[in-house]
Amino acid sequence: MASQIPHIREEDLPKVPFVLDSVSTRFIRENKIVPLELKNNVLKVLMADPNDREAIDALQVAVSGEVVIYTADTTMIEDYIAKFYTQEAQNIERIIEDMDGGSLEFVSDNDEDVGHLKDLASEAPIIKLVNLLITRAVEGRASDIHVEPFEDELKVRYRIDGVLHNIESIPKKLQAAIVSRIKIMARLNIAERRLPQDGRIRLIVGQKEIDLRVSSIPILHGESIVMRILDKEGIMVDLDLLGFPPKTLTTFHQLINKPNGIILVTGPTGSGKTTTLYGALDKINSPDKKIITVEDPVEYQLKGVNQIQVKSQIGLNFTTTLRHIVRQDPDIIMIGEIRDLETAEIAIQSALTGHLVFSTLHTNDAPSAITRLLDMGVENFLLSSTIRGILAQRLVRMICPFCKEVDHTPANKEEMKILGNSDSATLYRGKGCDRCAFTGFHGRSGIFELLTVTDELRKLILKSADASQLRDMARQEGMITLLEDGVDKIKAGVTTLSEIFRVTQEA
């Protein structure tokens, strides 16, 4: 049996370890296995003992699928595991030993001794552990770090290219120290564990200046903390590089150069709305224009733009700030988000008095933004005269360029229908390599749906038409939908069909 099992050489091993959410590093070490890739419920794994039926069965249960075995020299496998699968684990184990061996007692969730919490959080091992978690997230291209307390463990997950991955399970007894350390770094009140808090951490990781936007919220077993990583050098503010189709980009350029009116960008949280708005402002920013933004929070600083950070705790919210902004004689106003009727009315009033207004809304597609504003209570005649265009967008993971290959998996009838029944379309996928941590994806691109408000659409808005009527008319007027733009990107080999399904299913 062993002779039939494919043999792997050292140069074929992944340069970056493949992270498998459902298999712990302890299991990897104890059974001397190396996960290679997981595709279509098939796990490829390297085993020192390919006849270890118990380990194979456990892997099949863990991935709910088939396991394909490879083998290699045992010493080579052990060296690889020692290099990649014990370093972080040993760091954490050493921290636990240091904490266990120290003179401090662990603080329970009900302990209100702030001094004790501060002592715990300032222990060198805890500082090292928190720094390690942040550094690994930045190096792994993560956009968010999730620290989540459960009944018997503290889970750490990273969001990479929009998808969450389990990274580490930390013993429950370190929870108070780790959470307190993060809260101290973010200048939050460590004694307050009953109310949500927001803060910010600024640090340098590998010569890059990083901002972490920290949110703490009480849940059943403690405080859940999410850190959004804002890489000041990593923001893409060039509209031409965000993935716009040429025709859509040309139309959007025309819209953002209009002297007045409202331009909306819609989509769920994390769909890149703010990045697109920053790109638009950067494109039209010039010395003869005064631009003011009201944001919650200010994610990136733009040169030559007056940016205002909302502080609701002192009454500095969107509406109060916007009332004063108009007196500052701006040409262009960006409102972080239209959340209520009052904000919408001020945006409309600003557009009517000769300002160009940019803002965002949380709707699934472009036509729904009109019906959402009507539902808020905005008058239809005001909407029809001020809205210039609405851009709906999503972010899709791009196929890794380093391991891109033709996908020979036959498409089913539903998929063929979406692809326009095109037999000639060549589909691609990422095989998985060390550059993309064997996910097959590297980086993200936008897919877009731009509704330009024409005379025909204005008539429908005046009649308070529903989203489906607006959509039908917009398509007659030449609007490309999110799904259609997605299909074009599939055919161009930018992304995969499953990825387009994942992000456009609500739309």
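**Helix packing and a cavity in a predicted model**

Visitor: Where should I start, say with α12 and α16: at what angle do they pack, and how far apart are their axes?

Guide: Helix α12, which covers residues 366–376, packs against helix α16, residues 467–476, at an angle of about 140°, and their axes are 8 Å apart. That angle makes α12 oblique to α16. Please keep in mind that this is a predicted model.

Visitor: And which hand does the crossing of α12 and α16 have, left or right?

Guide: The crossing in which α12 passes α16 is right-handed.

Visitor: Which residues actually meet there?

Guide: From α12 the residues are Pro367, Ser368, Ile370 and Thr371, and they meet Ala467, Leu470 and Arg471 of α16. Sorted by class, the residues of this contact of α12 with α16 are four nonpolar, two polar and one charged.

Visitor: Let me jump to α6 and α7. How are they set against each other?

Guide: Helix α6 (residues 124–139) and helix α7 (residues 175–185) pack at an angle of about 70°, with axes 10 Å apart. Because of that angle, α6 counts as roughly perpendicular to α7.

Visitor: What's in that contact?

Guide: On the α6 side there are Ile126, Ile127, Leu129, Val130, Asn131 and Ile134, while α7 brings Ala177, Ile178, Arg181, Ile182 and Met185. The residues of this contact of α6 with α7 comprise nine nonpolar, one polar and one charged.

Visitor: What about α8 and α9, how do they pack?

Guide: Helix α8, residues 246–256, and helix α9, residues 273–284, pack at an angle of about 65°, and their axes lie 10 Å apart. As α8 passes α9, the crossing is right-handed. Phe252, His253 and Ile256 of α8 make the contact with Thr276, Ala280, Lys283 and Ile284 of α9, and by class the contact of α8 with α9 has four nonpolar, two polar and one charged residues.

Visitor: New topic: how many cavities of 30 Å³ or more are there?

Guide: The count comes to one cavity of 30 Å³ or more, and the largest cavity holds about 40 Å³ of space.

Visitor: Which residues line the largest cavity?

Guide: The lining of the largest cavity is made up of Ile262, Ile338, Ala344, Ala347, Ile348, Leu373, Leu383 and Ile387. By class, that lining has eight nonpolar residues, with no polar and no charged ones.

Visitor: And which helix gives the largest share of that lining?

Guide: That is helix α11, residues 341–352, from which three residues of the lining of the largest cavity come.

Terms used: Residues numbered from 1 in each chain as written. Predicted model: local features only at pLDDT ≥ 70, side-chain atom pairs only at ≥ 80, totals over all residues. Heavy atoms only, no water. Axes fitted to C-alpha atoms, helices over the stretch in contact; angles between N-to-C directions. Helix = DSSP H or I, 4+ residues; strand = E, 2+ residues; numbered from the N terminus. Parallel < 35°, antiparallel > 145°, perpendicular 65-115°, else oblique. Left-handed = near helix turned anticlockwise from the far one by under 90°. Contact = heavy atoms within 4.5 Å. Nonpolar A, V, L, I, M, F, W, Y, C, P; charged D, E, K, R; others polar. 1 Å grid on protein atoms, 1.4 Å probe; cavity = no way out; pocket = protein on both sides within 12 Å on 5 of 7 lines; lining within 4 Å. Points joined across faces, edges and corners; volume = space filled by probe spheres on them.
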